[in-house]
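Me: I am new to this structure. Please take a close look at the sheet and walk me through how it is put together.

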Amino acid sequence: MTNNCWFCTDDRGTDAPPGGWFLDDGTWRAGAAPPSMAAAGTVILEARRHVVDQGGFDEHEAATFVPVVGGLLAAMRTGLGCERVYQWSTMAAFEHFHVWLLPWRTSSLHEGPAHLVDVVHHPASDAEAAEAAARVAASMGVPA
Ligand SMILES: [Zn+2]
């Protein structure tokens, strides 16, 4: 089943994220987090099918998840110049699988869970989000 969720949209509408979709292959969709929600460079990967977590993945989702995440991580490291990419997934608000990918640098204020708090407590400006999204998109080979 395909749906129109964007990590189960309630107030995010159906507009494409800043910089457009980095990936939208019918199984997975990834884009920059809305600037009001997270620091610049944050990427969210969502299953197109309404599935809660890896325990419910079908064979195709299971086979493609690692390569898709790996490609996003590489594009973020290259495009954003971050040393690590944190991965955060709770499905707390909606039972729809999505992963937050959060750039971390040696210059970041904190590491570990405190960095996750920093990212969501320091949302990006529209310009910052657009600039970071363009750099990830370029690393993904997505036309501007
Ligand atoms: Zn959903």
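Reply: Start with the strand order. This predicted model has an open sheet of 5 strands, arranged E1-E2-E3-E5-E4, and the pairing is antiparallel. Two strands stand at the edges: E1, residues 21-24, and E4, residues 84-88. Each has a single partner strand, so one side of each is left without a neighbour in the sheet. On average, neighbouring strands of this sheet are turned by 20° against each other, direction ignored.

Now go to the E4 edge. Strand E5 covers residues 98-104. E4 and E5 run antiparallel, joined by 5 bridges. Take Val85: its bridge partner in E5 is Pro103.

Next come the helices. Helix H2, residues 113-121, packs on the sheet and touches E4 and E5. The direction of H2 makes about 95° with that of E5. Helix H3, residues 126-140, also packs on the sheet. H3 touches E1, strand E2 (28-32) and strand E3 (43-47). The direction of H3 makes about 45° with that of E1.

Finally, pick out one residue. Arg29 sits in strand E2. Is Arg29 buried or exposed? Its relative accessibility is 7%. Buried means under 20%, so Arg29 counts as buried. What is Arg29 in contact with, leaving aside its neighbours within four places in sequence? Its contacts include Asn4, Cys5 and Trp6. Trp21, Leu23 and Asp24 are also among them. So are Ile44, Leu45, Glu46 and Arg48.

Methods. Residues are numbered from 1 along each chain as its sequence is written. This is a predicted model: local features need pLDDT of at least 70, side-chain atom pairs count only at pLDDT 80 or more; totals for chains, interfaces and linings use all residues. Side-chain values use heavy atoms; hydrogens and water are left out. Two strands pair if DSSP finds at least two bridges between them. Helices (H or I, at least four residues) and strands (E, at least two) are DSSP runs, numbered from the N terminus. Axes are lines fitted to C-alpha atoms, for helices over the stretch in contact, and angles run from 0 to 180 degrees between N-to-C directions. Contact means heavy atoms within 4.5 Å. Buried means under 20% relative accessible area, exposed over 50%, partly exposed in between (1.4 Å probe, protein chains only).
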